[in-house]
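Let's take a slow walk through this one together. Have a look at the sequence and the model first, and then we'll go from place to place.

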Amino acid sequence: MKGVLLVNLGSPASTSTKDVKEYLGEFLMDERVIDAPKWLRTILVKGIILNTRPKKSAKAYKKIWWDEGSPLIVLSERLLDKVQKKTELPVALAMRYGTPSIKMGLQELHDKGVTDVLIVPLYPQHAMATTDTILVLAEELRQEFFPEMKFKHIPAFYHKKDYIQVLAESIKHHLEGKEWDKILFSYHGIPERHVRKSDITKSHCNPSDSVNFECCKTNSAAHEFCYKHQCYETTKQVVEYLDLQPHQYFVSFQSRLAGDPWLQPYTDKMLEKYPEEGVKKLAVVTPAFVSDCLETLEEIAMEGKEEFLEAGGEAFYAIPCLNDSDEWVDVLVDWIEA
Ligand SMILES: C=CC1=C(C)c2cc3[nH]c(cc4nc(cc5[nH]c(cc1n2)c(C)c5CCC(=O)O)C(CCC(=O)O)=C4C)c(C)c3C=C
Ligand SMILES: [Fe+2]
Ligand SMILES: [Fe+2]
């Protein structure tokens, strides 16, 4: 029997510094997130990052936490409920880090008699730190605990017409009746090195070209796994759908960690300089995220807004993610049942 496993990133169990530290430890010790050799990763994560970051992150999580728990998890659960109501197939939810774990999700499907699992990583654009790590862990768990199960997955859907339509219509809907100068498409960043590592041609991607994006515009087999290309492609298709003019939109990358260069331009730098360039009314959409989370609710809708207004901005609209919107649920159900 076929079943479906929706997989999102995950959140800490609570906003306590201890739980945030445990979550960040699991997340950042993933070799596909901090991709240094294990000895160096251990020093970086356990010796440096986990000494200071959990306290700071816990404070940020406290600002966005809901009575029911982490927004990312609550919104994923709402999505699951709605999808499950529209399909006969058993559907389970899992998080790559924290709980419900991928092992728990697979066990739930297994207990319902599922033998063929369709894994749905809830990430529109492919990245080593998101899609790959889900699929690798799921396969390890399959071999160890569920050897009789078979897996398929839905690849990155950054360019799928039905997804683009739902995303573009959502932007249109949230900006109805509002005056705006520009829409900033702010994607979660990744280190430039990750783009190079995911380049299956080993020669195509040039992640540090943040002005012309020539590689992203030039056809290549690398694009199947190129996060940067896929971010630009999502944007391009939404822009075409909404008939936006070049001065009406821009692409930037948020949420970088200190250290190596990450994809540029950086969102916070754009927010700081837009008002002096005459962009006073800004809308920000975050299409790397399917569910609202710390990075959209705190980093953009709170911190980003404050930064922009302090720099002289007049209006700031953070457009919500697709979350559990009926239109998005319908698209997911179509893919699941195809
Ligand atoms: C598009 C999806 C994501 C990519 C790509 C990604 C890469 C990536 N992230 C970090 C480090 C952190 N990310 C954090 C939070 C976070 N990241 C994503 C998604 C992607 N990350 C989401 C949805 C969230 C929010 C989770 C939530 O509970 O709401 C955090 C934790 C928060 C903080 O301390 O800032 C870290 C750290 C790296 C290093 C990376 C790529 C290599
Ligand atoms: Fe992240
Ligand atoms: Fe590219």
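Which helices each supply at least two residues of the shell around ligand 1? The answer is H2, H5 and H11. Keep in mind as you look that this is a predicted model. In total, 23 residues surround ligand 1, and the closest are Ser 11, Ser 57, Ala 288, Cys 293 and Leu 294. Sorted by class, the shell around ligand 1 has 14 nonpolar residues, 7 polar ones and 2 charged ones.

To place that shell, it helps to know how the chain is divided. The domain assignment gives domain 1, covering 2-156, and domain 2, covering 161-318. Taken over C-alpha atoms, the centres of domain 1 and domain 2 are separated by 23 Å. The shell around ligand 1 draws on both of them, with at least three residues coming from domain 1 and at least three from domain 2.

The two domains also touch each other: 18 residues of domain 1 are in contact with 20 residues of domain 2. On the domain 1 side, helix H2 (38-64), helix H3 (71-86) and helix H5 (128-145) each supply at least two of the touching residues. That side of domain 1 is made up of 12 nonpolar, 4 polar and 2 charged residues. You have met H2 and H5 already, as they each supply at least two residues of the shell around ligand 1 as well.

Now for a pair of residues that comes with a label. An unreviewed UniProt entry places the feature "binding site" at His 188 and Glu 295. The two are spread over 108 residues of sequence, yet they cluster in space, with a largest C-alpha distance of 8.1 Å.

His 188 lies in strand S5, which covers residues 182-188. Is His 188 buried or exposed? It counts as buried, because it has 27 C-beta neighbours inside 10 Å. Leaving out residues up to four places away in sequence, His 188 touches Gln 254, Ser 255, Ala 288, Phe 289 and Glu 295. Ala 288 may ring a bell, since it is among the closest residues to ligand 1.

Glu 295, the partner in the record, lies in helix H11 (residues 294-310). Glu 295 counts as buried too, because it has 20 C-beta neighbours inside 10 Å, and 20 or more is what it takes. With residues up to four places away in sequence again left out, Glu 295 touches His 188, Gln 254, Ser 255 and Phe 289.

Ser 255 turns up in the contacts of His 188 and in those of Glu 295, and deserves a closer look. It is found in the loop between S6 and H10. Ser 255 is buried, because 20 other C-beta atoms lie within 10 Å. Its phi is positive, at about 65 degrees, although it is not a glycine. Most residues other than glycine have a negative phi, and most peptide bonds are trans.

Lys 202 makes a handy companion to Ser 255. Its phi is near 65 degrees, again a positive value in a residue other than glycine. Lys 202 is found in the loop between helix H7 (192-197) and helix H8 (214-217). Unlike the buried Ser 255, Lys 202 counts as exposed because it has 9 C-beta neighbours inside 10 Å.

The backbone has some cis peptide bonds to look up, too. One joins Thr 99 and Pro 100, with omega about -5 degrees, and Pro 100 is found in the loop between strand S2 (91-95) and helix H4 (102-111). Another joins Gln 264 and Pro 265, with omega about 0 degrees. Pro 265 lies in the loop between strand S6 (249-254) and helix H10 (267-273), and Ser 255 is found between S6 and H10 as well.

Let's finish with the strands. S5, where His 188 lies, pairs with S7 in the parallel sense over 4 bridges. Along that pairing, Lys 182 stands opposite Leu 282 in S7. S7 also runs parallel to strand S8 (residues 315-318), joined by 4 bridges, and here Ala 283 stands opposite Tyr 317 in S8. Why is S7 described as largely enclosed by the rest of the structure? Because 4 of the 5 residues of this strand (residues 281-285) are buried.

Methods:
Residues numbered from 1 in each chain as written. Chains lettered and ligands numbered in written order. Predicted model: local features only at pLDDT ≥ 70, side-chain atom pairs only at ≥ 80, totals over all residues. UniProt positions renumbered as here; feature names shortened; annotations may be inferred. Buried ≥ 20, exposed ≤ 12 C-beta atoms within 10 Å, placed from the backbone. Contact = placed C-beta atoms within 7 Å. Domains from an automatic or database assignment. Nonpolar A, V, L, I, M, F, W, Y, C, P; charged D, E, K, R; others polar. Near = placed C-beta within 6 Å. Pairing = 2+ DSSP bridges.
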